[in-house]
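Thanks for coming. I will keep this short and go through the strands, then the cores, then the aromatic residues.

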Amino acid sequence: MKLPITGGCLCGKVRYEISAQPVDNINCHCRSCQRSTGAAYLAVMLVPTSALTITGNYKEFPTQSASGHTVYRGFCPECGTALFGRNSHFTHVRPVAAATLDEPGIFTPHKDIWVADAQPWDIMNPDLPKYDGSPW
């Protein structure tokens, strides 16, 4: 992937830049991701924490993940776009919502996680590895 990778929210007030290659690309089907996005799953690019630079003011909302860790979901307070997160257990990576990339077509998922929570109308790529919960 060509660096830097850039993206931002719908209104443009929050922007980010990723200066290193992603560690992993996942589709998360947990109920928390479903509720926070209003979609069947959240396509997430996991990037090194030190490689994510954020400009603009954003808010975070803490939730408890299905694995029991605290997840801080970052979003634009102006337009509400779900952008990125932080996990209290996995501090070396930051999840970034792939749909918020300036070029979302560069995202290729490597696995589906928390498929035990997937909705019956959620059609997944059968070629991707599936995990009922977290593979980590």
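In what order do the three strands of the open sheet come, and is the pairing parallel or antiparallel? The order is β1-β2-β5, and the pairing is antiparallel. Keep in mind throughout that this is a predicted model. β1, residues 5-8, and β5 stand at the edges with a single partner strand each, so one side of each has no neighbour in the sheet. From one strand to the next, the twist averages 15°.

Within that sheet, β1 pairs with β2, residues 15-18, in the antiparallel sense through four bridges. To give you a register, Ile-5 has Ile-18 of β2 as its bridge partner.

Next, the hairpins. β6 and β7, the latter being residues 70-75, run antiparallel and are joined by six bridges. Gln-64 has Thr-70 in β7 as its bridge partner. The two strands make a hairpin with five residues between them, and Gly-68 in the turn has a positive phi of about 95°.

β7 also runs antiparallel to β8, with five bridges joining them. Here Arg-73 is matched with Gly-85 of β8 as bridge partner. This is again a hairpin, with six residues between the strands, and Gly-80 in the turn has a positive phi of about 85°.

Now the interior. The largest nonpolar core has 16 residues, and those touching the most other members are Tyr-16, Ile-18, Met-45, Leu-83, Val-96 and Leu-101. At least two residues of this core come from each of β2, β4 (42-48) and β8. β4 gives the largest share, three residues.

Take Val-96 as an example. Leaving out residues up to four places away in sequence, Val-96 touches Tyr-16, Ile-18, Ala-43, Val-44, Met-45, Val-47, Leu-52, Leu-83 and Phe-84. There is also a second, separate core of ten residues, with Cys-33, Leu-42, Val-44 and Leu-46 among them.

Thr-100 is worth a look too. Thr-100 sits in the loop between β9 and β10, and counts as buried because its relative accessibility is 9%. Beyond its neighbours within four places in sequence, Thr-100 is in contact with Gly-7, Gly-8, Tyr-16, Thr-81, Ala-82 and Leu-83.

That leaves the aromatic residues. How many aromatic pairs does the structure hold? It holds three. In one of them, the ring centres of Tyr-58 and Phe-84 are 4.9 Å apart and the planes are at 90°, so this pair is edge-to-face. Tyr-58 is in the loop between β5 (52-55) and β6 (59-64), while Phe-84 is in β8 (residues 82-87), so the pair ties together parts 26 residues apart in sequence. The two residues are not equally covered: Tyr-58 is partly exposed, at 29% relative accessibility, whereas Phe-84 is buried, at 5%.

Phe-90 and Trp-136 form another edge-to-face pair, with 6.2 Å centre to centre and 70° between the planes. Phe-90 is in the loop between β8 and β9 (93-97) and Trp-136 is in the segment after β10 (111-113), so to speak distant parts of the chain, 46 residues apart.

Tyr-16, Tyr-58 and Phe-84 belong to one aromatic cluster. Recall that Tyr-16 is also listed among the core residues that touch the most other members.

One last contact involves a charge. Arg-86 lies over the face of Tyr-72, 4.2 Å from the ring centre.

Note on methods:
Residues are numbered from 1 along each chain as its sequence is written. This is a predicted model: local features need pLDDT of at least 70, side-chain atom pairs count only at pLDDT 80 or more; totals for chains, interfaces and linings use all residues. Side-chain values use heavy atoms; hydrogens and water are left out. Rings of Phe, Tyr and Trp (its six-membered ring) pair if their centres lie within 6.5 Å; planes under 30 degrees apart count as stacked, over 60 as edge-to-face and the rest as tilted. Buried means under 20% relative accessible area, exposed over 50%, partly exposed in between (1.4 Å probe, protein chains only). A charge sits over a ring if NZ of Lys or CZ of Arg is within 6 Å of the ring centre and within 35 degrees of the ring normal. Contact means heavy atoms within 4.5 Å. Two strands pair if DSSP finds at least two bridges between them. Axes are lines fitted to C-alpha atoms, for helices over the stretch in contact, and angles run from 0 to 180 degrees between N-to-C directions. A nonpolar core is a set of buried Ala, Val, Leu, Ile, Met, Phe, Trp, Tyr and Cys residues joined through side-chain atoms within 4.5 Å.
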